[in-house]
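Here is a quick tour of a protein–DNA model, written for someone who has it open on screen. We'll take the DNA side, then the two protein chains, then a helix pair.

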2 protein chains.
Amino acid sequence: MTAKLSEIHTARSVSRDPDKTRSLILDAAFQAIHRQGYQGMRLDDVVAATGLTKGALYHHFPNKQALGYAVVDEVIRGIIEQVWLQPLEASTDPLAEIIYFVGHMDALFGARIVTFGCPVNNLAQEMSPLDEGFRTRLDKLYQEWRTGIQHAIERARASGAVRSEIDAQKVASFVIAALAGCIGIAKNAQSLEQLKTCADGLIGYLESLRT
Amino acid sequence: MTAKLSEIHTARSVSRDPDKTRSLILDAAFQAIHRQGYQGMRLDDVVAATGLTKGALYHHFPNKQALGYAVVDEVIRGIIEQVWLQPLEASTDPLAEIIYFVGHMDALFGARIVTFGCPVNNLAQEMSPLDEGFRTRLDKLYQEWRTGIQHAIERARASGAVRSEIDAQKVASFVIAALAGCIGIAKNAQSLEQLKTCADGLIGYLESLRT
DNA sequence: TGGTGAACATACCGATTCGTATGTACCATA
DNA sequence: TATGGTACATACGAATCGGTATGTTCACCA
C-alpha cells in the first residue's frame, strides 16, 4: 500500500488532525454512553480510550454536557440516518423493508443491541426527565425517525401494499415505540431469543396492515 | 378522633417504629429513583425527604445498592401486583381489562407516567447492563408481569373472546414491550397526547386479537 | 525565520457523595 | 431497676470525578 496523494497533503494528520481527534473523542464517548449511560460515562475513561488527555477533550468540548449533546447531534443522528432513513427512502417496498429491519436487528446491529440496547432509547429514558437539552435533541431525533417511517408507510399505502384506512403517523409512532420496547425487554433479559419473540409480535402487527 | 386501642398498644410507634421508618425510607427512595434514576438518586436527598438522618438509613440498609434492591423487591413489585396482577386475575373479561388499562394509564397513574415514565422500565434500562443484581430482580418482575398477562389472555382465549390460534406468551411479551415503549416515547416527548396516540396503536393490535 | 495561535499534555483543585465511627436515647427483659 | 441491644443522631473521612490552570509542541504565515 503506497500513500495516496490526499494522505500526503494531509500528512499533518498523523501528528495533528483536530477533526479526527474530535471524532475520535465523539466515538469513544458514544460507546461509553451506550455501555454505561450518560451519567455513568467517565471523562477519564473516554480520554483513556482515545489515548489522548483531558486537555485535548476540553479543548474540543467545553464540558461533559456539551460532549453528550454532540454525541446525540452527530453520532447517534448519523446512525439513524444511515441505518433507517436512507434505506427506507431508497426502498421500493417500504413495508417489507421495515419488516426486514425488525426481524434482522441482530444481523444489522450485532449482539450490542441485546447487550446494551438502543442508544437513542437508552439516552432518552435516562436523560429526558433530567436535562431539557437532551430531551429536545432526542425528541427531534425521534421526530425525524418517525417521519421517515411515516413516509415509508404512506408510500406503501399509495402503492396499495397496506390498507388505505390506516393512519400512517399513528402507525409510525407505535412502531418506533414497540421497537424500542422490544429491544428494552431483550436487553433486560439479555436474551436474543426474547428479542425475536418480541419482534415477532411487532411483525405480526405490521403484517396485519397489509391489504 | 379518639385513639384506637391498637394505637395505644403501639404508642411507641410515634417515637420508635422501625417498620414504619423502613418503609418511609423505601418510599422516599422509590420516588427519588423514579425521578432521577438509581445513579441519580442521592442518599442525602432520601434522608432529607424522610426527615431522618443518615444513621437511620444505614441502620436499615447496609448500602445504597441494598436499598435499590429493596425498592425493586418490595415497592415496585407491590405496585405491579396491585395495579396489574390482582385486577387481571379478578376480571371476568381479561382482554377488555387490558385494553382499559392501556387506554387509561393517565387516570391510573396520573401525570407521573408521562413526566417520569414507568418505574420498572426506567430501572431496567438504566441498571440491567451495569448491575447483575438489578437485572435478575427486574427480570423476575417482568416474568411475573408477563405471566399474569399471559394467563389473562389464555382465559380470554378459553372463553372465546380472542382467536384460538394466538400464542398467549408471545402476545404477552409484545404487549409489555409495546406498553413500555409507548410510555418511554411519551416521556421523552413529555406529551400525554403522544401517549394516547401510541397507546391507540397498541389497542388496535389488541382488538385485532378478537374473534 | 520568528512569532502567534491552535492543538494538545500535565498537574492539580474542589465539590459532591457514599460510607463510617462514634455517641445517645429508648425499650424490653432479667 | 440495672442492663444490653435496638433504633436512631452527629460528625467526619475518603475517594471519585468534573473541571481548571498552566506548560509545551506543532503548524502556518507575515
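## Around the DNA and between the chains

α5(B) gives the most to the surface near DNA strand D, with four residues. Keep in mind as you look that this is a predicted model. Besides α5 (54-60) of chain B, the elements that each supply at least two residues to that surface are α3 of chain B, plus α3 (43-50) and α4 (54-60) of chain A. In total, 20 residues sit around DNA strand D, and A:K64, B:T21, B:T53, B:G55 and B:A56 come nearest. By class, the surface near DNA strand D splits into five nonpolar, seven polar and eight charged residues.

Now for the protein–protein side. How many residues does the contact take from chain B and from chain A? It takes 44 residues from chain B and 44 residues from chain A. On the chain B side, the elements giving two or more residues are α3 (18-36), α10 (119-127), α11 (132-158), α12 (168-189) and α13 (192-207). Of these, α12(B) gives the most, with 16 residues.

Here's how the residue classes work out for the three surfaces covered in this report.

| Surface | Nonpolar | Polar | Charged |
|---|---|---|---|
| Side of chain B that touches chain A | 19 residues | 18 residues | seven residues |
| Surface near DNA strand D | five residues | seven residues | eight residues |
| Contact of α3(B) with α4(B) | seven residues | one residue | one residue |

How do the two chains relate? Chain B can be laid on chain A by a turn of 180° and a shift of 0.0 Å along the axis, with an RMSD of 0.0 Å. That is the relation of a two-fold axis. Both copies use the same surface, too: 100% of the contact residues of chain B recur in chain A.

Last stop, the helix pair inside chain B. The axes of α3(B) and α4(B), residues 43-50, come within 9 Å and cross at roughly 125°, which makes α3(B) oblique to α4(B). The crossing of α3(B) past α4(B) is right-handed. Which residues make the contact? From α3(B) they are B:L24, B:I25, B:A28, B:A29 and B:A32, and from α4(B) they are B:D45, B:V46, B:A49 and B:T50. α3(B) also turns up elsewhere in this report: it gives two or more residues to the side of chain B that touches chain A, and at least two to the surface near DNA strand D.

Technical notes
Residues numbered from 1 in each chain as written. Chains lettered and ligands numbered in written order. Predicted model: local features only at pLDDT ≥ 70, side-chain atom pairs only at ≥ 80, totals over all residues. Contact = placed C-beta atoms within 7 Å. Nonpolar A, V, L, I, M, F, W, Y, C, P; charged D, E, K, R; others polar. Axes fitted to C-alpha atoms, helices over the stretch in contact; angles between N-to-C directions. Parallel < 35°, antiparallel > 145°, perpendicular 65-115°, else oblique. Left-handed = near helix turned anticlockwise from the far one by under 90°. Near = placed C-beta within 6 Å. Least-squares fit on C-alpha atoms with pLDDT ≥ 70 in both.
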